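Here are a few warm-up exercises on packing, each with a worked solution. Open the model in your viewer and try each task before reading on.

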Amino acid sequence: MKLQVSFHRYILVDTTTDLRFQALANRIERVDAVLFTHAHADHIHGIDDLRSFNHIQGKPIPCYGGLDTMEVIRHKFIYIFNGSARSDWIPRLEINIINSEFSLYSLQIVPLKIFHGEATIFGYRINDVSYLTDCNGIPDDTKKLLRGTKLLILDATRYQPHAKHYGLAQAIEVIKELKPERAVLTHLSHAFDHDKVNRELPSGIELAYDGMEMS
């Protein structure tokens, strides 16, 4: 997910494996910060593509995430962080460990603990927008932090429940409980016929698609 804020700042959530393609396809011209949800390959293995934004912007990119996530990233991409390579050959990134609310470019960002299988990872609430991908459970304390969310972006991988992701009916029940003004389902599989499912969803709920813009 890309979030644009005032003064043309762009916050990226995760560095997915097709980051270069998505940046070109969606005309993303800068990345001012990255929020990491967790360290699974499909969420971090596009990290090298941040180097191009270093060249454009001329400075390091701050990256935020939980302790376990950022330690895995340090280990997997040690060449970025151990100072052994020339800086113009690697991304220049600044690691920031977070576990509570913080301010970034005039936005209030709240890391949200959610369940992804047996792991506890982060979703994020950014002002009135909440983003919970790779999720199959939400602790009660996190649900309290989600109250009042206007836009909820939530995992719904397929029709039936999954060991690490919500099924469609489960996601809809969570949305009914949290009562956001609008909900968008993400992390979708090819099990869904996009147009058919969209027609059948309750009012205020829709499926995401590549390049989707929300305001």
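**Exercise 1.** Find what covers the buried residues of α7, then work out where on the helix those residues sit.

*Solution.* Bear in mind that this is a predicted model.
- Start with the cover: it includes α6 (140-146), β10 (151-155), β11 (182-186), α8 (194-200) and β12 (205-207).
- Next, list what is being covered. Helix α7 spans residues 168-178, and its buried residues are Leu168, Ala171, Ile172, Val174, Ile175 and Leu178.
- Now look down the axis: these residues span an arc of only 160°, so they lie on the same side of α7.
- Finally, step off the end of the helix. Lysine 179 follows α7 and has a positive phi, near 60°.

**Exercise 2.** Work out which element gives the largest share of the largest nonpolar core.

*Solution.*
- The core holds 25 residues, and the ones with the most contacts inside it are Leu132, Ile138, Leu154, Leu168, Leu185 and Leu201.
- Two or more residues come from each of β7 (107-116), β10, α7, β11 and β12.
- The winner is α7, with 6 residues.
- For a closer look, pick isoleucine 138: its contacts beyond four places in sequence include Leu132, Tyr166 and Val174.

**Exercise 3.** Is threonine 186 buried or exposed?

*Solution.*
- Locate threonine 186 in strand β11.
- Its relative accessible area is 16%, and buried means under 20%, so threonine 186 counts as buried.
- Then check its neighbours: leaving out residues up to four places away in sequence, threonine 186 touches Thr133, Ile153, Leu154, Asp155, Ala156 and Ala208.

Technical notes: Residues numbered from 1 in each chain as written. Predicted model: local features only at pLDDT ≥ 70, side-chain atom pairs only at ≥ 80, totals over all residues. Heavy atoms only, no water. Buried < 20%, exposed > 50% of the residue type's maximum accessible area, 1.4 Å probe, protein only. Helix = DSSP H or I, 4+ residues; strand = E, 2+ residues; numbered from the N terminus. Arc of directions from axis to C-beta. Contact = heavy atoms within 4.5 Å. Core = buried A, V, L, I, M, F, W, Y, C linked by side-chain atoms within 4.5 Å.
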